Amino acid sequence: MTTEAKPQYSPGLAGVIAGETAICWVDPNAGLMYRGYDIHEMGDKATFEEVAYLLLNGELPNGKQLNDFKQQIAAERALPKEVEQMMQLLPKDTHPMDVLRTGVSMLAPFDKDLNDHSHDANVRKAIRLIAKVMTLITDGFRISQGQKPLPEKPELSQAANFFYKLDGKVPEDWKTRMMDTIFNLYADHEFNASTFAARVTASTLADIYAAVTSACGTLKGPLHGGANEESMKMLEDIGTPDRAEAWLKKQLAAKAKIMGFGHRVYKEGDSRVPVMREIARDLGKRTGKENWVAICEKLEEVMDREKGLCANVDLYAAPVFWMMGFKPELNTPLFAASRVAGWCSHVVEQHDHNRLIRPRSLYVGPQLRKYPGPPK
Ligand code: ACO
């Protein structure tokens, strides 16, 4: 028995417009715009802080605004000692994304603005989250390796700080510039799964920490942010370019999902791939590891021929992070260290114009039947 006409249904919400945003536009024909600016025009020139400010506030900062914003982030990096103690208590093999998700959740009660969802309070909390997410990743990783967190260096940018807080070395300028570009590419992507999860959570008028906790949990999955860790395992398994074609054909014959390929929105290719590929090429020359790009390019060629599928940004992010010296389990946290700016901007926007996000489902279970009474 049904009381309503069969509604329209799109599996996986494919093609569904689930809300409005003035933050970001993913052009299916391979473009990416933040607040009206083409990220590919500014990605290798702007610092991550400039992009984060733009996402959060809607306009580019002037010199003073950018300096103030940088200082505000740097001043918010330290974690409450209780959160650091919590990280000491976690099993040493806890995945860094689980440390991050647990840490974001635990930060909530330490924020005096927690339950104030006004625009200004949300922006203050966003700045704290952008700062502290990075510390949770870097300090959490050191703790898992049996090392002590390093003292803060407030003069460092977010990009330089990520390197420094892991190994105590202030990176060369070229490395910081490269990381800024990568962070800029990852900073937002409209209603991707983790941002959507954040917005659903925020739409109940839950706080920004609850929303970012949801986002961290969602990012971890290999069909989303977790793909950049899985891609590295794949590339290591392939090993050399001459093995790539046979490896891929075997996987496709077994109907396996190939990490770093395909995208829900981009069908003509992910606009971030050419930039990430160039970074990988540059690092390949610098480190003498030119095989990684050669493997990726072979996979791209075969995947296009066999399935008509394009690479996504995570295919090249994997060897980029590897050549920068990061362990693969830090790949998805690196993504989070940047995307937190997007998540927070979307939570601010959601709270500023809130309506509960609550879709319907299409019932496919048994028809109405009579309850036979309790079991005898
Ligand atoms: N490997 C093998 N086959 C694939 C892949 C892939 N990576 N991606 C899509 N396909 C296949 C699908 O199985 C489907 O085949 P079918 O028609 O025979 O069933 C066909 O291509 C079309 O798939 P779509 O509907 O376009 O895929 P969807 O939009 O549902 O999924 C997703 C997109 C999840 C990204 C998918 O491409 C995938 O699993 N990719 C691998 C994981 C990955 O790299 N994720 C990172 C995404 S980007 C990011 O989060 C930064």
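Contact here means heavy atoms within 4.5 Å, the sense in which covering is meant below for helix 15 of this predicted model.

Start with the overall build. The protein has 16 helices and three strands. Its radius of gyration comes out at 22 Å, close to the 21 Å that the globule rule gives for 376 residues, so the protein is as compact as a globular protein of that length. Measured out along the principal axes, no single number does the job: the C-alpha trace spans about 70 × 55 × 50 Å. Of the 376 residues, 51% count as buried. As for how the chain meets itself, take the contacts between residues at least 6 apart in sequence: 75% of these join residues at least 24 apart.

On the outside, the protein exposes about 18300 Å², with carbon and sulfur atoms supplying 53% of that area. Charge is split into 48 positive and 49 negative side chains, and the centres of these two sets lie 7 Å apart.

Helix 15, residues 313–323, is worth a look of its own. This helix is mostly covered, with ten of its eleven residues buried. The buried stretch starts with Val313, Asp314, Leu315 and Tyr316, carries on through Ala317, Ala318, Pro319, Val320 and Phe321, and also takes in Met323. Asp314 counts as buried because its relative accessible area is under 20%. What covers the buried residues of helix 15 includes several other helices: helix 8 (173–186), helix 11 (227–238), helix 13 (273–287), helix 14 (291–307) and helix 16 (331–352). After helix 15 comes glycine 325, and its phi is positive, near 100°.

Positive phi also turns up away from glycine. Glutamate 190 has a phi near 35°, a positive value in a residue other than glycine. This glutamate belongs to the loop between helix 8 (173–186) and helix 9 (193–203), and helix 8 is among the helices that cover the buried residues of helix 15. Leucine 205 is another such case, with phi near 70°, again positive in a residue other than glycine. Leucine 205 sits in the loop between helix 9 and helix 10 (208–219). With a relative accessible area of 48%, leucine 205 is partly exposed; the value falls short of the exposed class because that class calls for over 50%.

How values were computed. Residues are numbered from 1 along each chain as its sequence is written. This is a predicted model: local features need pLDDT of at least 70, side-chain atom pairs count only at pLDDT 80 or more; totals for chains, interfaces and linings use all residues. Side-chain values use heavy atoms; hydrogens and water are left out. Helices (H or I, at least four residues) and strands (E, at least two) are DSSP runs, numbered from the N terminus. Buried means under 20% relative accessible area, exposed over 50%, partly exposed in between (1.4 Å probe, protein chains only). The radius of gyration is taken over C-alpha atoms; the globule rule is 2.2 Å times the number of residues to the power 0.38. Accessible areas come from the Shrake-Rupley method with a 1.4 Å probe; for residues, only the protein chains shown count as cover. Lys and Arg count as positive and Asp and Glu as negative; His and the chain ends are not counted. The place of a charge is taken as NZ of Lys, CZ of Arg, CG of Asp or CD of Glu.
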